[in-house]
Amino acid sequence: MAHVDPRMQACIDNCLDCYAACLSTAMNHCLQAGGEHTEPAHFRLMAACAEICRTAAHFMLIGSPHHPHLCRECAEICTECAKDCERIGDMAECAEACWRCAESCRQMAA
């Protein structure tokens, strides 16, 4: 594999971790917990967050010059998702993954 800048590699790793955390939390924890965890707006936000994280990682992995745009959007959605997970509660792991990804993506978008 070609050399990837360490900051970009960290961002890729954070994006993929967030993708896994959001998808796993939504499909396992949220579906089992019900209530606010499965409200359409929250559930859609978690799905959107997982997908934008996966897509941002993909754009960085293929060396696309468009990755800063995706990273900017990813940071915005991850921040929104982290706040919503904290609002509902009992999703600390997901919220932490979102905060880490948001910070990494902000750096890549700069």
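1. Helices here are DSSP runs of H or I with at least four residues, numbered from the N terminus. In that sense, His 58 belongs to helix 2. The model under discussion is a predicted one, and the points below treat its helix pairs, then individual helices and residues.

2. Helix 1 and helix 2. Helix 1 covers residues 6-33 and helix 2 covers residues 40-61; their axes come within 8 Å and cross at roughly 155°. Angles over 145 degrees count as roughly antiparallel, and helix 1 and helix 2 are therefore roughly antiparallel to each other. The crossing in which helix 1 passes helix 2 is left-handed. Sorted by class, the residues in this contact are 22 nonpolar, two polar and one charged.

3. Helix 2 and helix 3. The axes of helix 2 and helix 3 come within 9 Å, with a crossing angle of roughly 150°. This pair is therefore also described as roughly antiparallel, and the crossing of helix 2 and helix 3 is left-handed. From helix 2, the residues taking part include His 42, Leu 45, Met 46, Cys 49, Ile 52, Cys 53, Ala 56, Phe 59 and Met 60. On the helix 3 side, the participants include His 67, Leu 70, Cys 71, Cys 74, Ile 77, Cys 78, Cys 81, Cys 85 and Ile 88, with Glu 73, Glu 80 and Asp 84 also among them. By class, the contact of helix 2 with helix 3 has 17 nonpolar, three polar and three charged residues.

4. Helix 1 and helix 4. For helix 1 and helix 4 the axes come within 8 Å and cross at roughly 150°. Helix 1 and helix 4 are therefore roughly antiparallel to each other, in a left-handed crossing. Helix 1 contributes, among others, Arg 7, Met 8, Cys 11, Asn 14, Cys 15, Asp 17, Cys 18, Cys 22 and Thr 25. These residues belong to a contact whose helix 4 members include Cys 94, Cys 98, Arg 100, Cys 101, Ser 104, Cys 105, Gln 107 and Met 108. The class count for helix 1 with helix 4 is 13 nonpolar, four polar and three charged residues.

5. Buried residues of helix 4. Which residues of helix 4 are buried? They are Cys 94, Ala 95, Ala 97, Cys 98, Cys 101, Ala 102, Ser 104, Cys 105, Met 108 and Ala 109. As a general matter, an α-helix has 3.6 residues a turn, so residues three or four places apart point the same way. The buried residues of helix 4 pack against helix 1, helix 2 and helix 3.

6. Helix lengths. Helix 4 (residues 92-109) has 18 residues, which at 1.5 Å a residue should span 26 Å; its end C-alpha atoms are 25 Å apart, so the two values agree. Helix 3 has 22 residues and an expected span of 32 Å, and its end C-alpha atoms lie 31 Å apart, which agrees as well.

7. Gln 107. Gln 107 is placed in helix 4. Its relative accessibility is 36%, so Gln 107 counts as partly exposed. Although 36 residues separate Gln 107 from Cys 71 along the chain, their C-alpha atoms are 8.6 Å apart.

8. Phe 59 and His 58. Phe 59, in helix 2, is partly exposed because its relative accessibility is 22%, the cut-off for buried being under 20%. Apart from its neighbours within four places in sequence, Phe 59 is in contact with Ser 64, His 66, His 67 and Leu 70. The C-alpha atoms of Phe 59 and Cys 71, twelve residues apart in sequence, are 9.1 Å apart in space. His 58 has a relative accessible area of 43% and is likewise partly exposed. The C-alpha atom of His 58 is 9.9 Å from that of Leu 70, which lies twelve residues away along the chain.

9. Backbone after helix 3. Gly 89, just after helix 3, takes a positive phi of about 95°. Asp 90, in the loop between helix 3 and helix 4, has a phi near 65°, a positive value in a residue other than glycine. Most residues other than glycine have a negative phi. Is Asp 90 buried or exposed? With a relative accessible area of 66%, Asp 90 is exposed.

Terms used: Residues are numbered from 1 along each chain as its sequence is written. This is a predicted model: local features need pLDDT of at least 70, side-chain atom pairs count only at pLDDT 80 or more; totals for chains, interfaces and linings use all residues. Side-chain values use heavy atoms; hydrogens and water are left out. Axes are lines fitted to C-alpha atoms, for helices over the stretch in contact, and angles run from 0 to 180 degrees between N-to-C directions. Helices (H or I, at least four residues) and strands (E, at least two) are DSSP runs, numbered from the N terminus. Angles under 35 degrees count as roughly parallel, over 145 as roughly antiparallel, 65 to 115 as roughly perpendicular and the rest as oblique. A crossing is left-handed if the near helix is turned anticlockwise from the far one by less than a right angle, and right-handed if clockwise. Ala, Val, Leu, Ile, Met, Phe, Trp, Tyr, Cys and Pro count as nonpolar, Asp, Glu, Lys and Arg as charged, and the others, Gly among them, as polar. The expected span of a helix is 1.5 Å times one less than its number of residues. Buried means under 20% relative accessible area, exposed over 50%, partly exposed in between (1.4 Å probe, protein chains only). Contact means heavy atoms within 4.5 Å.
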